[in-house]
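Hello,

Here is the structure I promised to pass on to you. Please open it alongside this email, and I will take you through what turned up.

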Amino acid sequence: MKLVKKIKYTGELTLMTGLHVGGTNTSLGIGGVDSAIVRNPIDNLPYIPGSSIKGKMRSLLEMKFGYTVDGKPTDDPNNEVGRLFGTTNGSKGGSRSRIIVRDAFLNKEKSPRFENADLYYAESKTENAIDRIKVRSNPRTIERVPAGAVFDINFILDVYEGDNEDELKKTVDLGIRLLEDDYLGGNGSRGYGQGKINWIEGTPTEVKF
């Protein structure tokens with residue numbers, strides 16, 4: 001397969017509501033949050049794994065096109081989702097992913113900082129899970145990135161010889177619109193994870209080979 005060009009999407013994801021993408025709780029002591037967020041181990045800043053963004057876009061597109069069967073991703077390399085995201089060696093063979101989604105790192109200059117030594121660039125939200133049988137509450141504290149935080153996002157769309165470039169770009173655009181109307185991370189039905197994507201001027205850009 002001959003690589004014809006790379007199409008680069010560069011922009012910012014601004015949180016409209018708090019975001020929780022789960023990390024590890026191993027460093028938290030008594031009295032800490034019950035559910036921590038994922039952080040960069042080098043600088044301890046929150047980030048959004050590219051796998052979370054890519055997986056959510058794929059899931060939403062599969063639901064949009066009706067390709068999900070029993071909750072499993074499509075293994076057909078010949079439909080819109082299979083052509084963009086690739087497939088494993090399923091019943092119809094495998095195919096290569098055309099899209100790369102980078103980890104989205106926090107933009108410190110454009111994000112609010114909460115002055116809390118234990119929750120660096122984050123907030124804690126206490127919620128109650130109600131046991132309707134025993135009529136009692138089970139409080140828990142969830143760490144999340146607050147609304148207003150900005151993450152730098154980068155997608156790369158690879159176009160190979162013989163690909164339908166217009167279809168690939170339309171599928172990417174549709175996935176982005178679906179993502180903005182849905183949520184990232186956990187607890188989305190309770191209001192978490194809404195974001196707005198703003199592309200920088202000139203996006204997307206093309207690099208031909």
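Below are my notes, going from the overall picture to the local details.

First, please keep in mind that this is a predicted model. The mean pLDDT of the protein is 87, and 85% of its residues reach 70 or more. One stretch needs care: over residues 26–31 the pLDDT stays under 50. For that stretch the model has two contacts beyond four places in sequence. Where pLDDT is low, the predicted coordinates should not be read in detail.

**The overall layout**

The protein has 209 residues, and buried ones make up 41% of them. Its secondary structure comes to three helices and 11 strands. Read from the N terminus, the elements follow the order β-β-α-α-β-β-β-β-β-β-β-α-β-β. Among contacts with a separation of 6 or more, 68% are between residues 24 or more positions apart.

**How the strands pair**

A good place to start is strand S1 (3–15). Which way do S1 and S9 run relative to each other, parallel or antiparallel? They run antiparallel, and 11 bridges join S1 to S9, which covers residues 150–160. If you would like landmarks on screen, Ile 7 stands opposite Leu 157 in S9, and Leu 13 stands opposite Phe 151 in S9.

S1 also pairs with S10 and S11. With S10 the pairing is antiparallel over five bridges, and Gly 11 has Trp 199 of S10 as its bridge partner. With S11 the sense is again antiparallel, over four bridges, and here Lys 8 stands opposite Thr 205.

Now turn to S9, which has further pairings. Strand S5 (residues 99–101) is joined to S9 by three bridges, and the two run antiparallel. Val 101 of that pairing has Phe 155 in S9 as its bridge partner. Strand S6 (residues 104–106) pairs with S9 too, in the antiparallel sense over two bridges, and Phe 105 stands opposite Asp 152 in S9.

Why is S9 described as largely enclosed by the rest of the structure? Buried here means under 20% relative accessible area. Nine of the 11 residues of S9 are buried, so the strand is largely enclosed by the rest of the structure.

**A cavity**

Rolling a probe the size of a water molecule over the atoms shows where empty space is left. How many cavities of 30 Å³ or more does a search of the whole structure find? The search finds one. About 40 Å³ of space lies in the largest cavity.

The lining of the largest cavity consists of Leu 13, Leu 179, Glu 180, Leu 184, Gly 193, Gln 194, Gly 195 and Ile 197. By type, the lining residues divide into four nonpolar, three polar and one charged. Helix H3 (165–180) and strand S10 (195–199) each supply at least two of the lining residues. You have already met Leu 13 as the residue opposite Phe 151 in S9.

**Backbone details to look at**

Most residues other than glycine have a negative phi, and most peptide bonds are trans. Three places in this model are worth a look with that in mind.

- Pro 204: the peptide bond that leads to this residue from Thr 203 is cis, with omega near -5°. Pro 204 lies in the loop between S10 and strand S11 (205–208).
- Asn 44: its phi is positive, about 70°, although the residue is not a glycine. Asn 44 is found in the loop between S1 and strand S2 (47–48). With 38% relative accessibility, Asn 44 counts as partly exposed.
- Asn 187: phi is near 65° here, again a positive value in a residue other than glycine. This asparagine, Asn 187, lies in the loop between H3 and S10. Its relative accessible area is 22%, so Asn 187 is partly exposed; the buried class is under 20%.

If you have only a few minutes, I would begin with the pairing of S1 and S9 and its 11 bridges. After that, look at the residues around the cavity, including Leu 179 and Ile 197, and then at the cis bond from Thr 203 to Pro 204.

Happy viewing, and all the best

Key: Residues are numbered from 1 along each chain as its sequence is written. This is a predicted model: local features need pLDDT of at least 70, side-chain atom pairs count only at pLDDT 80 or more; totals for chains, interfaces and linings use all residues. Side-chain values use heavy atoms; hydrogens and water are left out. pLDDT is the predictor's confidence in each residue, from 0 to 100. Contact means heavy atoms within 4.5 Å. On a 1 Å grid over the protein atoms alone, a cavity is a set of points where a 1.4 Å probe fits but cannot get out, and a pocket is an open set with protein on both sides within 12 Å along at least five of seven lines; lining residues have an atom within 4 Å of a point. Grid points are joined across faces, edges and corners, and a volume is the space filled by probe spheres set on the points. Ala, Val, Leu, Ile, Met, Phe, Trp, Tyr, Cys and Pro count as nonpolar, Asp, Glu, Lys and Arg as charged, and the others, Gly among them, as polar. Buried means under 20% relative accessible area, exposed over 50%, partly exposed in between (1.4 Å probe, protein chains only). Two strands pair if DSSP finds at least two bridges between them.
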